[in-house]
Number of protein chains: 2
Amino acid sequence: MADIDSDIDSDIDSDIDSGSGPPAPRKRADARRNEETLLDAASAAFVASGVDVPVRDIAARAGVGVGTIYRHFPTRADLIVAVYRHQVEACAEAGPALLASSGTPHAALARWIDLFVDFLVTKHGLAEALQSNDAAFATLHAYFLDRLLPVCARLLDAAAAAGEILPGVDAYHLLRGVGNLCVGAETDPRYDARRMVALLVAGLRLHRREAARRETAAARPAGASSPPEQSQAM
Amino acid sequence: MADIDSDIDSDIDSDIDSGSGPPAPRKRADARRNEETLLDAASAAFVASGVDVPVRDIAARAGVGVGTIYRHFPTRADLIVAVYRHQVEACAEAGPALLASSGTPHAALARWIDLFVDFLVTKHGLAEALQSNDAAFATLHAYFLDRLLPVCARLLDAAAAAGEILPGVDAYHLLRGVGNLCVGAETDPRYDARRMVALLVAGLRLHRREAARRETAAARPAGASSPPEQSQAM
DNA sequence: CAATATACGGAACGCTGTTCCGTTTGCCAA
DNA sequence: TTGGCAAACGGAACAGCGTTCCGTATATTG
């Protein structure tokens, strides 16, 4: 499975007057240099010690003071987003492509989730950070949701429209569930997150029997309709 | 759904010479009193601020110094285990009971997992602590596994033997997956862990079509047997 | 009522994230 | 080229955490 590209941002100051807002008074040269250095250092530090590596370590790697980090990236989430921006973007863009190239919408969904899982699982502590409700990670949360939620929703809708999965599962739940299942995937050799995710994805498939039941239920007056199998677990 | 009992240990020093090992020279009265006070304080603090409440807060609640906590409970995990021991025990004991009383093994499994999820979801941060690979939580991990893994395995085996679920899913994976799905269930109102767990449990069901395919595959020479639907996601 | 082992309290240490300000440095205009 | 100033830097300093350690207090026992 081809993984998403993993090079580092090089278009840091590419917002040179995009036409809207205040003129953006152009940053100093050393500032731009440091920002790039910091991204490299952070990327390396994340690989070595996870995304929750001490700020001082990143600063030391980059050869700057801690103040410089906070000036460029007010929260840790901003730094994480900057480091993984390209990969998240690639994952988002892969969604529509998979929908077009895959046999069925469900296959596309499964493949896309695979991509997402591969990404999460190979970044120490990213999954953990994503579910953390620490205020420092709010930006991270927001960014991932902003980029990936629409993609996931579209795949989900397509699969539901094709009658392959049961409707009513929203993208947020799925994304969050998948993210949750990835927690600890790297540190625990006994645990295989991919397998559990596959089970989850399998769980939302609509099977012949359920589909039939669902149709007869739809024909009857709505209300106490008995939802499919997994509801017996509630 | 009846939840597990939630009273606090009162048989702290019930190991008064159980016959084995060194004579256990009987603790001082104030020590026993403090241990109980600490359990109460910790229980209250966990409810108020989650299981990762600062040690000092627990100490303040109990009216003791932090040293006293560490003397009684060397690691935070020991304290957590002590507080929730009864409930975990009850959950473990409910397994065989459910297997006997429920219609099918799969129903028993689903109900038991419900019990487990209800327990996890109502304890702030417990799920998070369970997957944390922080060394401080090793005891917690070990205890939960020790008590719940055999129960889960037995339910799983029963369901597999009845042909209701696909074999080859081991109890550790399931327990861990369910635990993972419970992370953040309390703090994120948009997320419904129970629903995702239900999906996961549904995912391991063996359906008519798959069962048939599985049988023909078993009849053929083993090796490149194509596993059921969810494998297309791998 | 001593003597002593046991347990207690909380100061102290080390490691975090985060802020803040004196100092340095790039930039531009004179 | 140079002077001045805004921008950026570095790291000391602060606050909050877990954990350790030891002088002090106290329950127990003879």
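This tour goes through a predicted model, starting with chain A as a whole, then its helix α1, then the surroundings of DNA strand C.

Select chain A and show it as a cartoon. It has ten helices and zero strands, so defined from DSSP runs. Read from the N terminus, the order is α-α-α-α-α-α-α-α-α-α. Colour the chain by burial: 36% of its 234 residues count as buried. Next, display contacts in chain A between residues at least 6 apart in sequence; 65% of these join residues at least 24 apart.

Now select α1(A), residues 29-49. Its 21 residues should span 30 Å at 1.5 Å a residue, and the end C-alpha atoms are 30 Å apart, which agrees. Show the buried positions of α1(A): Asn34(A), Leu38(A), Leu39(A), Ala41(A), Ala42(A), Ser43(A), Ala45(A) and Phe46(A). To see what covers them, add α2, α3 and α4 (76-101) of chain A, which are included in that cover. Just after α1(A), pick Gly50(A), where phi is positive, near 85°.

Move on to DNA strand C and select the 23 residues around it. Those that come nearest are Ala29(A), Asn34(B), Val64(B), Gly65(B) and Gly67(B). Elements giving two or more residues to this surface are α1, α2 (55-62) and α3 (66-72) in chain A, and α1 (29-49) and α3 (66-72) in chain B. Select α3(B) to finish with the element that gives the most, at four residues. Coloured by residue class, the surface near DNA strand C shows ten nonpolar, five polar and eight charged residues.

How values were computed
Residues are numbered from 1 along each chain as its sequence is written. Chains are lettered from A and ligands numbered from 1 in the order in which they are written. This is a predicted model: local features need pLDDT of at least 70, side-chain atom pairs count only at pLDDT 80 or more; totals for chains, interfaces and linings use all residues. A residue is near a molecule or strand if its C-beta atom, placed from the backbone, lies within 6 Å of it. Ala, Val, Leu, Ile, Met, Phe, Trp, Tyr, Cys and Pro count as nonpolar, Asp, Glu, Lys and Arg as charged, and the others, Gly among them, as polar. The expected span of a helix is 1.5 Å times one less than its number of residues. A residue is buried if 20 or more other C-beta atoms lie within 10 Å of its own, exposed if 12 or fewer, and partly exposed in between; C-beta atoms are placed from the backbone. Two residues are in contact if their C-beta atoms, placed from the backbone, lie within 7 Å.
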